[in-house]
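Here's a quick tour of the model, starting with one chain as a whole and ending with a couple of backbone oddities. Have the viewer open as you read.

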Amino acid sequence: MSGIGLLLSTARDALLAQQTALDVVGHNIANVNTEGYTRQIPVLSARDPAPYAGVVLGRGVDVDEVVRNVDNLIEERLMQRRSDLKAMEEEEAYMAALEALLNESSSGSLSSHLTDFWNAWHDLANNPSGLAERSALYERGALVCQALNDLSGDFDQLEKQINLALDAGVDQINELTAEIAGLNEQIAGLGVFSTPNDLYDKRQALVTRLSQYLDLQYYEDADGSLTVTTGRGYVLVSRDDSYDLSFDGTDVRWESSGTADLDITDTITGGKLGGWLEMRDVILPSYERDLNELAENMIWEVNQTHSLGAGVEKFTSVTGAYSISDSGEELGTVDSGLAFYDKITDGSFKLWLYDDTGAVSASTTLTIDADAGGTTASSLASAINAIDVTHLTASVSNGKFTITASGGYSFAFSGDDSNVLAALGINVFFTGDDAESADMNSALESNKNLIAAARVGTSGQIATGDNTNALAMADLQYEEISMTHYIYTRGSSTPTSSAVTETISSYLYSLESSVGIRSQSITRSREYNEVIAEELSETRNNISAVSIDEELANLIKFQHAYSAAAKLVSTADEMFQTLLETR
Amino acid sequence: MRISTNSVYDSVKANITRVSDQMLRANLIVSTGKRINKLSDDPVGMVSVLDLRSDIKNLEQLERNITMGRTWLKTGEAALTQVEDILSQVKSLAIQMASENVGSSERSAAAETVDGLLRQVLALANSKVGDRYIFGGTNTDTTPFSFDDEDTPPEVTYAGNASAFSIKIGNDLEVAVGKDGEQIFGDDDFDWSNASAGEDNIFKTLLDLKGYLESDSTAGIQGALTKLDNHLSTVNAAISDIGTRIIRLDVKENIIADLKLSYTDRMSRIEDADIAEAIMDLQSRQVAYQAALASSSKILKVSLVDYL
């Protein structure tokens, strides 16, 4: 190759190389706001020299490749951190909802309803035969039930929302994995020698989006395709195949290549799915269980005290609030089907029968044997039937224990130390046995005079101004009861429990403080993770993102080089002209 | 160090978000006047607040109980003081009439007076607070003492019971504010179902006295005087007992008032924001926010493009 020809070809190559570099700069500037775009750099190198006329001469410039300026380690750390951050953001959002449900700084909260309820018993004690006090007490009780029902319903609603989110999330994951598999196919199809930078970026962006849904691991194969697995190693994408997840309403399942579906619910810890599952399987059930424990204990304590008392009016008929599944089974055993069967102990209660003038016609002590072979619903009914065949009938109908007096006769109860009346739901204040089912005894709604403020006296008399039972009820708010706090963990359906002895209100407060503490700690870790993610993101941006200033500097650099190369062409041209003009 | 364009935007965005979030939080504290606005702001403090709030409500209820109890006791005190006056009046009348110098016409006039006073005592024994009888034990809805002068001999019967009506003034702390009427107006072992059997009560003494006056029996009148003295001391004892109970309620009420004050104070300390401090905080956040906006707008404007 001779002189001017070499110069011209060097100039041509330089023009092309600078133009390519300008193209890359243009591409970078154009993508300055593209999420996940990695800044590209043209790698220029001097061509191999060739010997000419005894010297070795350089032969210009060449564009070797265009590389992505990427630090894979930081990309991966950032992705993982963002995945954790998403989990926390979701938990935080739901905890905020949960806090709002408990709504403790307002007057409509459960704890203020509870206080009002106890105060209403004080008011009744101050005026035991007052109908206004009785109606107010009934309404206070109904508000407590309503607050419990609402909370329980809200918990269910939250769980439903999470399940809907899980369903949509799984669909998103499947779309993303399918797209990643598609890109794998394209990248592998281009062969190992090509570098499809923008496809890599696109794939990385998809993986990042996928990591917002669940915790991931990934690695690149020799052919350039990316294998993506869940945090625990279940393969989601392998070469051009993607393995779908599915959601069956409760569990997230992984459709593996060959064998049956696998339940991977408990292995997902990161991303939105991790946050949702933590909320659904750990946080919500723990608090819901505690709320039910609170409702159950409150209902039982109030009912038990209520069943010891007597209203302004005596009973002419009473139906138990709790269902018996088998009247032939011992009342104190689980087979009886009673919700509070375990509260029944050996003991007795007194049934007072009054004639149509209100005088005591019979008083019978009925003994309860809670052990195997002991009292059944049927045997209790026959014992009551034996008191006065013509005027008093007891039976189990539709699963409820019923006592009816006839001929103007009426009856009342006293001194039940076997808890059998409260367990059967006879002469009780509430019905139900958890937050969802808590309700007022319907018999009280139609006749508030059945609210038991008094107790039957030793000779069967019931004084209208007797407030013994109402006073005992007002004391329940100070009584310390042994209860249990529950904590669920992922992958186990049985919670760990810790026993506490505290008042009903204190139990509620510790439940609420636990919600507050958890919410606070989730917010703190979210904030901490956010700072780290921001820093990592900045580091990543500083390595990989586009700087307009820098690109503009490069633009001018390459532009000048282009002008200079063009000058080379015109110089070569002038040299040719000079030669040709020589005569 | 290389700074990418997006880093600049991202950090401006993040900083402004953070500062404005802090400013809003400071604003919430100022506008609600409360340091704790939700559970997670201070879970431990919040629980103390809840506890105190329900304690205060409970104390307020106890205050209401005490106010009601005091009405009962004061009504009882007033009624018994009047009974005491009447009995003293009857006593001086009886002393007069016991004299041999008094004629039978005067005695029969005195008998009429005693009859009138008897009915006054009866009305006082049936004293009520609202609709509730206070001297009927816990049978508050039935007239405790009824007089049937058609009966021979005429007698007063008691329809109340022996348990006293109580109110709650604290955890496991009850004070009887009603009275078992039998204790005051009759002997402990008086058999109301058989008044003629000979035991003693105020009404029987008065009825007997009336009879003795009508029959000019000075010996009978003398005997009635002794019984009147006994009744007077019983009523006196009952009045001083009521006085003690009123003092007990007053003491308890003072304790409750003090407790309520200290609870409210404690609650306010935990829950309420120091307004001066909160406003200062809000202002410093505002300044930070304005500074962030001002400096950010300067950084964002600068670009090499402008100089080419």
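## Chain B and two positive phi angles

Chain B carries 31 positive and 47 negative side chains, with the centres of the two sets 18 Å apart. Lys and Arg count as positive, Asp and Glu as negative, while His and the chain ends are not counted; each charge is placed at NZ of Lys, CZ of Arg, CG of Asp or CD of Glu.

A word on ground rules: this is a predicted model, where local features need pLDDT of at least 70, side-chain atom pairs count only at pLDDT 80 or more, and totals for chains, interfaces and linings use all residues. Residues are numbered from 1 along each chain as its sequence is written, chains are lettered from A and ligands numbered from 1 in the order in which they are written, and side-chain values use heavy atoms, leaving out hydrogens and water.

As for overall shape, the C-alpha trace of chain B spans about 140 × 35 × 25 Å along its principal axes. You'll find 7 helices and 6 strands in chain B (DSSP runs numbered from the N terminus: H or I of at least four residues for helices, E of at least two for strands). Their order along the sequence is α-α-α-β-β-β-β-β-β-α-α-α-α.

Now for the two residues, neither of them glycine, with positive phi:

| Residue | Phi | Loop |
|---|---|---|
| Arg239(A) | near 50° | between strand S7 (235-238) and strand S8 (241-242) of chain A |
| Asp216(B) | near 55° | between helix H5 (202-214) and helix H6 (218-271) of chain B |

Arg239(A) is partly exposed because its relative accessibility is 44%, and Asp216(B) gets that label at 32% (partly exposed lies between buried, under 20% relative accessible area, and exposed, over 50%, using a 1.4 Å probe and protein chains only).
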